[in-house]
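Hi everyone, and thanks for coming. Please have a look at the sequence and the model on the screen, and then I'll walk you through a few parts of it.

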Amino acid sequence: MMTLKVNGQDHQIDADPDTPLLYVLRDDLKLNAAKFGCGLGQCGACTVIVDGKAVFSCVTPLVLLEGKQVTTLEGLGSVAAPAPIQRAFMEEQAAQCGYCIAGMMMRAQALLQRNSKPTDNEIRAELAPHLCRCGTHMRILRAVHRAARLMDTAELTPEKKGSAQ
C-alpha cells in the first residue's frame, strides 16, 4: 500500500510498485484524460506532470512517485472553470481527434510553468515527443501562446489589472 498524491489529494493505492502510473490513474482513480497510446513512452498521449516536469505515465512506475505531486489534466481545471491552457486550446480549436491533446496540454503547461514567454521554437522543441497526425500544429502553437497571455493576465493583481486597461 502506498500513498499517491494526485491533483492535490492523497490516494491509498494497493498495487505492485512496478505498475505504470497510467494504469492507476485510469483504472483506480478514474482519471481518463491521460490516454494509452503506445505504452512505450514514445507518443506522449499519457503525459502528466510530476513535480513540475512532464512525464510519460505509461512508463513511470509507482515506486518512483512516493512523496511526489502528480497533476493530470483534470487537476488543472474543469468544464465550468477551465485552466488557461484548457481555455486557450478550446478557443484556438487546437484539437481535431483529441486523442493526443491532453498530453500536449500537460507538456505545454509544464513548459509555461518554467518559461512564461516561450518562442515558437521552444514550444516546438517541448512538444516534439508528441505524435499527432491531425494537422492542427499551427493552432497548437497559437494556443500555447494564448495560454501564456491568459496565465500572465490571471497573475496580475487587482491594482495592476486596473493600470493595464
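I'll talk about the helices first, then the cysteines, and then a few single residues.

A word on where this comes from: it is a predicted model, in which local features need pLDDT of at least 70 and side-chain atom pairs count only at pLDDT 80 or more, while totals for chains, interfaces and linings use all residues. Residues are numbered from 1 along each chain as its sequence is written, and side-chain values use heavy atoms, with hydrogens and water left out.

Let's begin with helix α5, residues 137-154. When I say helix or strand, I mean a DSSP run, H or I with at least four residues for helices and E with at least two for strands, numbered from the N terminus. Axes are lines fitted to C-alpha atoms, for helices over the stretch in contact, and the angles run from 0 to 180 degrees between N-to-C directions.

How do α3 and α5 cross? Helix α3, residues 101-114, has an axis that comes within 11 Å of the α5 axis, and the two cross at roughly 45°. That makes α3 and α5 oblique to each other. On that scale, under 35 degrees is roughly parallel, over 145 roughly antiparallel, 65 to 115 roughly perpendicular, and the rest oblique. The crossing of α3 and α5 is right-handed, meaning that the near helix is turned clockwise from the far one by less than a right angle; anticlockwise would be left-handed.

Now for the residues that touch, with contact meaning heavy atoms within 4.5 Å. On the α3 side we have I101, M104, A108, Q109 and L112, and they meet I140, V144, A147, A148 and M151 in α5. By class, this contact of α3 with α5 has nine nonpolar residues, one polar and no charged. The classes work like this: Ala, Val, Leu, Ile, Met, Phe, Trp, Tyr, Cys and Pro are nonpolar, Asp, Glu, Lys and Arg are charged, and the others, Gly among them, are polar.

Next partner: helix α2, residues 84-91, whose axis comes within 8 Å of that of α5, with a crossing angle of roughly 140°. So α2 and α5 are oblique to each other too, and α2 passes α5 in a right-handed crossing. In α2, the residues P84, I85, R87, A88, F89 and E91 meet I140, A143, V144, R146, A147, L150 and M151 in α5. The contact of α2 with α5 counts ten nonpolar residues, no polar and three charged.

And then there is α4, residues 120-127. The axes of α4 and α5 come within 10 Å and cross at roughly 110°, so α4 is roughly perpendicular to α5. This crossing of α4 and α5 is right-handed. Here D120, I123, R124 and L127 in α4 meet M138, I140, L141, V144 and H145 in α5. The contact of α4 with α5 divides into six nonpolar, one polar and two charged residues.

On to the cysteines. How many disulfides does the structure hold? Zero, where a disulfide is a pair of cysteine sulfur atoms within 2.5 Å. Why is C38 not bonded to C43? Because their sulfurs are 3.9 Å apart, too far for a bond, even though C43 has the closest cysteine sulfur to C38. Likewise, the sulfur of C100 is 3.6 Å from its closest cysteine sulfur, in C132, again too far for a bond.

Is C100 buried or exposed? C100 is buried, at 7% relative accessibility, whereas C38 is partly exposed at 28%. The cut-offs for relative accessible area are under 20% for buried, over 50% for exposed and partly exposed in between, with a 1.4 Å probe and protein chains only.

C43 sits in the loop between α1 (21-28) and β3 (47-50), and is buried at 12%. Not counting residues up to four places away in sequence, C43 touches G37, C38, P129, H130 and L131.

Back in α1, the buried residues are L21, L22, V24 and L25, and they pack against β1 (2-6), β2 (9-13), β3 and β5 (69-71). Just after α1, K30 takes a positive phi of about 60°.

Two last stops. E126, in α4, is buried at 14% relative accessibility, and apart from neighbours within four places in sequence, E126 is in contact with R107, L111 and R114. A154, in α5, is exposed at 54%. A154 and G39 are 115 residues apart in sequence and 36 Å apart in space, C-alpha to C-alpha.

That's my tour, so thanks for listening!
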